[in-house]
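Biologist: Hi! Could you walk me through this one while I have it on screen?

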Amino acid sequence: MLLSLFQVSRIFAPNFWGWLADHTNKRARWIKLASFIGCVGYLGIFWADSFFMIFLVMMSMSLFTSSTIPLAESLTLSHMASTNGSYSNIRLWGSVGFIIASFFFGILIDRYSVIILIWALLFIQLIILFLSFSIPDKKFELISDAKRSIWKILKKREVIALLLGCALMVSSHGLLYNFYSIFLKEQNYSSSLIGILWSIGVIFEIIVFMLMPKILSKLNGKTHYLISSVCISYNGSMIWNYTDKAALTMKNMSQEVLSNYLLKIKDEDLYAYNVYQIEGEGRKLFSKIQGDENTIMGLPINQIKKYLTDFKKNI
């Protein structure tokens, strides 16, 4: 229950703080405030001696710390838009920080005790608060005259596929992040080794970020295939599975064109759950696309709907 607070707060808190930032046009101010309240709320952990007290402390942290990241992300992208900078070069340091924290915290916990983690997190909260005051704000214009119904957007097939894919991805990652370390600890793995295992995955993530322009150039003018698979399980057993394949032929583009493309989209394709963001700017990369667009986006939703409909009829 305690671990689920951070996942639940990510549904509501960023939307609320984002709404405040949009209506006040002062994103940096809300980053500072959220960092301050999150830091103050965390101090309660030193007096928490019951489940209810720990619940309040973690709820306070989750409501405010989960909001600083999307606000900082949007503010960073706003600065990148006017400076022609590369967001991946900044985002890279988040992965580096994850590696350092996973590796050294594991060693510290083994050498001392898990209590050291409480003080380390306080130190990190104070650093975040301190650095938040150095973040430069940036004004932006809201298009107040353009009113679009959010429900019409949500009803689009590609949007449904994207949201469902994101939901499944977050659900699986949430379980992995929250319980994988606990499972390894129960199997008598040391905290140091657990930290190293987490670091290895992020190291490869960094390598992919750095090699993405070269990967795209290797696919230049060639056809490659994307395979998307999905399965449904019931009572611990797989009762249905489906695999689909799509063929994509890239245009012949120079390295300069590819670099300008990655810069134009602010590297958002590298962090999307779907591949290439084929429903948007990514379509311009290809001269020919064969296959279901939902498969390319990562979730063959039509086949899932068909199976669930048939399954419901047979109940």
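Modeller: Happy to. One term before we start: buried means under 20% relative accessible area. With that cut-off, the buried residues of H5 are Ala120, Leu122, Gln125, Leu129 and Ser132. Keep in mind that this is a predicted model.

Biologist: Good to know. Where does H5 sit in the sequence, and what should its 18 residues span?

Modeller: Helix H5 covers residues 115-132, and at 1.5 Å a residue it should span 26 Å. Its end C-alpha atoms are 26 Å apart, which agrees.

Biologist: Back to that buried glutamine. What is glutamine 125 in contact with, leaving aside neighbours within four places in sequence?

Modeller: Glutamine 125 is in contact with Gly38, Cys39, Met61 and Thr65, once those neighbours are set aside. Its place is in helix H5, and it counts as buried because its relative accessibility is 9%, under the 20% cut-off.

Biologist: Nice. Zooming out, how many helices and strands does the chain have?

Modeller: The secondary structure comes to 11 helices and 3 strands. Along the sequence, the pattern reads α-α-α-α-α-α-α-α-β-β-α-β-α-α.

Biologist: How much of the chain counts as buried?

Modeller: Of its 315 residues, 33% count as buried. The accessible surface comes to about 20,100 Å², and 66% of that belongs to carbon and sulfur atoms.

Biologist: And the contacts? What share join residues at least 24 apart?

Modeller: Taking contacts between residues at least 6 apart in sequence, 71% join residues at least 24 apart.

Biologist: Can you give me an example of two residues far apart in sequence?

Modeller: Try isoleucine 99 and glycine 195: they are 96 residues apart in sequence, and their C-alpha atoms are 8.1 Å apart in space. Isoleucine 99 has its place in helix H4, residues 87-111.

Biologist: Is isoleucine 99 buried or exposed?

Modeller: Isoleucine 99 is buried, since its relative accessible area is 18% and the cut-off is 20%. Not counting residues up to four places away in sequence, it touches Ser199, Val202, Ile203 and Ile206.

Biologist: Those four are spaced in a helical-looking way. Why do residues three or four places apart point the same way in an α-helix?

Modeller: An α-helix has 3.6 residues a turn, so residues at that spacing point the same way. As for where your four belong, helix H8 covers 191-218.

Biologist: What comes just before H8?

Modeller: A loop lies between helix H7 (157-186) and helix H8, and asparagine 188 is in that loop. Asparagine 188 has a positive phi of about 70° although it is not a glycine. At 73% relative accessibility, this asparagine counts as exposed.

Biologist: Switching to the strands. In what order do they form the sheet?

Modeller: The order is E1-E2-E3, in an open sheet with antiparallel pairing. Strands E1 (223-234) and E3 (286-290) are the edges, each pairing on one side only. From one strand to the next, the twist averages 20°.

Biologist: How many bridges join E1 to E2?

Modeller: There are 12, and E2 takes in residues 237-250. To follow the register, look at isoleucine 232, whose bridge partner in E2 is tryptophan 240, and at cysteine 231, which has asparagine 241 as its partner there.

Biologist: What about the turn between those two?

Modeller: The hairpin of E1 and E2 has 2 residues between the strands, and asparagine 235 takes a positive phi near 55° in it.

Biologist: And on the E3 side, how many bridges are there to E2?

Modeller: There, 4 bridges join E2 to E3, again antiparallel. Alanine 247 stands opposite glutamine 290 in E3.

Biologist: Which helix lies across E1 and E2?

Modeller: That is H11, residues 301-314, running at about 155° to E2. While you are looking there, find Trp240, Tyr242, Tyr307 and Phe311, which ring pairs link into a cluster.

Biologist: Nice cluster! How many aromatic pairs does the structure hold?

Modeller: It holds 7. One of them joins phenylalanine 103 and phenylalanine 104, edge-to-face at 5.1 Å centre to centre with 90° between the planes.

Biologist: How accessible are those two rings' residues?

Modeller: Phenylalanine 103 counts as partly exposed at 29% relative accessibility. Phenylalanine 104 is partly exposed too, with a relative accessible area of 46%.

Biologist: Great, thanks for the tour!

Methods
Residues are numbered from 1 along each chain as its sequence is written. This is a predicted model: local features need pLDDT of at least 70, side-chain atom pairs count only at pLDDT 80 or more; totals for chains, interfaces and linings use all residues. Side-chain values use heavy atoms; hydrogens and water are left out. Two strands pair if DSSP finds at least two bridges between them. Axes are lines fitted to C-alpha atoms, for helices over the stretch in contact, and angles run from 0 to 180 degrees between N-to-C directions. Contact means heavy atoms within 4.5 Å. Buried means under 20% relative accessible area, exposed over 50%, partly exposed in between (1.4 Å probe, protein chains only). Accessible areas come from the Shrake-Rupley method with a 1.4 Å probe; for residues, only the protein chains shown count as cover. The expected span of a helix is 1.5 Å times one less than its number of residues. Rings of Phe, Tyr and Trp (its six-membered ring) pair if their centres lie within 6.5 Å; planes under 30 degrees apart count as stacked, over 60 as edge-to-face and the rest as tilted.
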